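I opened this entry to look up charged side-chain pairs and their surroundings, and I keep my notes in the order in which I checked them.

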Amino acid sequence: MASKQEDDVVTANPGNKYSAGSAHVASSEHCPDGSVHTPPQVMADRVLVKGLRHVNAYELELYMEGRADAYVKSILYGDDGMAIVIFAGTIDLQKIQESIIKRQFKNMTLEVEPITGCRMIQVLGLPESPDLSEDLLKKYFENQDLSGGGKVTRVQLGDKGDFAVITFADDKVASDVLGKSHTLEQKSLTLLPFYHCLGPSGGRINPPVNITERQSQSESAQHRMKKRFNERCEEVPVDVNTYSLFVKNHTAMKEIRERSPQLKVTYDELNELLRLTGTESEIDEVKKFCQKINVSHHTWDMEVTRELFHQTEAQSSLQTMCHESDPEGGTVQVVSAYQRAIESIKMMIVSTEQTLNLPLLSRFLTSAEGKKEVAGIEKGLKCKILYSNNQDFTSAQSGGSGLSGLQIGDQGATFTTGATGGFIPRNFAEPKIPAKGKILPAKPRISVNTMSDITKEKQDVLVNSSNKSLNLSWGQVSKDLLRVGGRQLQQDCTKKYPKGINFGEIAVTGKGHPVGLFCKNVIHCCLKEEKDQKKIEEMIKETTSKCLQKVNEMGHSSIGFPAIGTGTLKFPPKIVAKAMFEAAVEFGHKNPYCHVKDVVFILHEKDQVVAKAFNEVKDEYAEVSEDSESDLQANPNLQGTKKYGFFEETSRPLAVVFVGLDPGIPQQAEKALIRSYEAGIKHLTIPAQDLNCWDDLHISHLIHTCKVHSVDLTLMFESKTIGLCGFLEDVSNVRDSEIMKVAQQYTHVRRHARLMSKQVRWCWIEVDTAREKVRPYDETNNYMIEKSYREGHLTVFVSDVNHQVFQVRFNTMDEIPEHISNTSAPVRVIRQDLVYDVPDAPLPLEWSPMGTDYKVEVTKDSPDYSRTVELFRSSYRQPSCKILEVYRIENPTLHRQYIAKMAELRNSLPFDTLVERVPLWHGTKRDRVHSIITHGFNRSYCEQKDSRNVYGNGVYFATSAEHAARQEYAAADDQGRRRVFLCRVLVGQYTRGQKGMRFLPPIPDSKERYYNSAVDDPKDPSLFVVFNDTQAYPKYLIVFQ
């Protein structure tokens, strides 16, 4: 069946499953500028909804999610009761239409139709600028680099210049533009689709207060329509006797009818139903009246009398009356006496009507457990408890406050789409990667504190820059300490160090006066005057290290340093800050289990130059927390305590009548009922270790789950606990809900991802016209890739922040889009082992002093050239071989990482272990030389699908250059040139490798130490395989024929 397009709406055969091809759109249209474009296609993720009125955004969202069984991403509201609902994925239109017929939305029958994509977007929040014009906007949105846009056919700027409507030639371009963030003249813009069918506004995020009928209707037609919308009909069960005696001619009922002449009241005797037609308020008023009449005058008048008739008092009254009326027991007299006895019992009955306003009380009374409790109370107290079963006790999910006021974060509505064709833009969140060697230790914590008086610091130890004689009357810090510590401090210095100290030494004293300084000890240091900045740095670093070591030996937990040397000695603040930070960081890395927990650099608030220098140096370091729990970054939106009363807000007034034969019974019955009700309420506190690190989405889902189950929720982010309150069954459902498991799993993955990001980094290679750029994956994707890699999977799927999905293939070490197109080229990926280098490690003496190129050609007349060629020829043994070029690899970063790894192995291996093997050889192809020189030997470049890798999927090195120079490894280029690297390799302790091995096994009986490399033959190895990228350094590159 052909489809019709009108105002962005497509009418299609409802029998077909909704997909992008379920409706045919005209093949082309003409733009105002004369060009031809393909009209928008039907969108498989959105529908047009008609027939809305009095819309609550959150209720509509939940309703549509239930009908489509899909997550609603956003909703655009228009005029005339229409809205466009955009889902997170493809939906089934036929399923939605059938579901809407079965279940109405708030007594409204909605219509759902397919909708096309749109070429028009609305731009809100434009900057107030005299330069803003339609031409400027057109240039911006046609600039691919700035906006990601394309051909613009029309620009309409609002009268006030605060908004504009942009029309593109292609709806795909419009979709791409909507998926990006935009800034114009330093002001963020808000972009929304513009649909003609939603009226002049084109669609807005917030629903109107009341979606009215078309304004073109006449006033009388609007009045009739409004009356039809507001008027409804409802049936109330009322038995014949109650209607005849109490409803039909009751004074209160007559007053209601007089106030509401439009109210229609009819009674159906056959079905015992009272039919009411009128407004909602009129019907509610009649229902309340009937409810009270039903409880107070009829129900207990018959049922209670029957129940209480069997009580001893009633039986006694009946026997007395029957005996007095007819001792012989005549039938007529007995019946008459029975009626009098009933009247007598009525005189004995005591009833109390109470309006109880408790959450979900009606649900409790009508539940199996509630009925059981009520029956027990009635039996024990010989009473009757009566209430109306027709009372409205709907929970929060059908009304209540909703979540419309809830705002977790500042997300807003977004519209994103994946790019198609060519290189697909990736938008992976950039992980924070600290500079090499610039990581603060987990312990001690290093901080900067600016204050006016060092004597008020509450550290265990304070450091004082003094002089050789320890005369505390010299120097500002010494004077301050002497002022508060008193003469006892000076006496302690003189007594313990009568000859003073030499330059570079430290002295430890008490704090002086017992009630003076807050510290326990003072360390005095002595520095000499110096002009050479290098020597100043070494002196400051050495002194700081001595102080830290002494404090650790004394068992203290904190130490406070002034900016030593920046006062009287006038040392450069930046040099002092750099040296003191480096000393503290080095101490922390070398002593991870030290007593010292805090190192504080105390700066005077008036010395802005010194404070600036210390803060700038601190900013160069990345912080690492002491334990894995605090390693997770807290969500800034989750602070303090937040409460949501979804159980309390279900409170509804309920009239309950307590009936008995004794004046005190109704009150006792009421107390017993409330006790039974409260016993069914469960208060539960759940520990949530990482609650303050939960994602906004998980918090929102937990709130929604509590709302659905009518459970009070208290989120205590400081104590990291979740409080639940409600009926036991509801609380258990929330506790065992999927969101609790998903959120805990999410933080578990995040913690492991953070730890993994410090060990391994997976990156993808972006290639532009200038050079290759290594782009790291975010922490979560990095973790998922590494986990799959270690588990031996062949592929793993990752997604970026725009929900574009990519497949990482380990056998080819590349990445492709989930849906491959002809123009999508694979993107190379690499794996990097992270070993932070040693910044001060010396570089080889033969390196160029100011070299900027990693590959430096070695001249043939140099000893370096002769030595390298001799090593190669002695190992290659091919007389016909011609050496063409020899290059020395001078990459400082790779070299320092290699030295750091060497130090690590030497500290962990037995002293007699041969850590390094030089030379080892590695043959390679021409196209891999640049990557090895720049990034080092990376397993990502190994031919992991190669059948020759029989000893594991690592980097192979041969003891023989002849083996490494084989054609299958060092393949000749088009000029017949081949290439081999002479390498330094850290082999350490090794074991025999196995095919498919990705990680080395642990060494038996070695307290969880692992082998460092694999070999072909442990007794006489000729091949070494390493699995850590920093265990090898390419020392020389030899090019030969």
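I looked first at Arg867 and Asp864, whose side chains meet in a salt bridge with N to O at 3.0 Å; the term stands for a side-chain nitrogen of Lys or Arg within 4 Å of a carboxyl oxygen of Asp or Glu. The two residues lie three apart in helix H24 (residues 863–876), and are therefore separated by about one helical turn; helices here are DSSP runs of H or I with at least four residues, numbered from the N terminus. Asp864 is buried at 7% relative accessible area, whereas Arg867 is partly exposed at 46% (buried is under 20%, exposed over 50%, partly exposed in between, with a 1.4 Å probe and protein chains only). I then noted that salt bridges with shared partners join Glu537, Lys541, Lys578, Glu582 and Glu586 into one network.

The model is predicted, so I kept in mind that local features need pLDDT of at least 70 and side-chain atom pairs pLDDT 80 or more, while totals for chains, interfaces and linings use all residues. Residues are numbered from 1 along each chain as its sequence is written, and side-chain values use heavy atoms, without hydrogens and water.

Next I looked up Lys546 and Glu542, which form a salt bridge at 3.7 Å, N to O, and sit four residues apart in helix H16 (residues 533–554). Lys546 is partly exposed at 32%, and Glu542 is partly exposed at 46%.

For Arg775 and Glu766 I found closest N and O atoms 2.8 Å apart in their salt bridge, with Arg775 partly exposed at 27% and Glu766 partly exposed at 23%. I closed with the total, which is 29 salt bridges in the structure.
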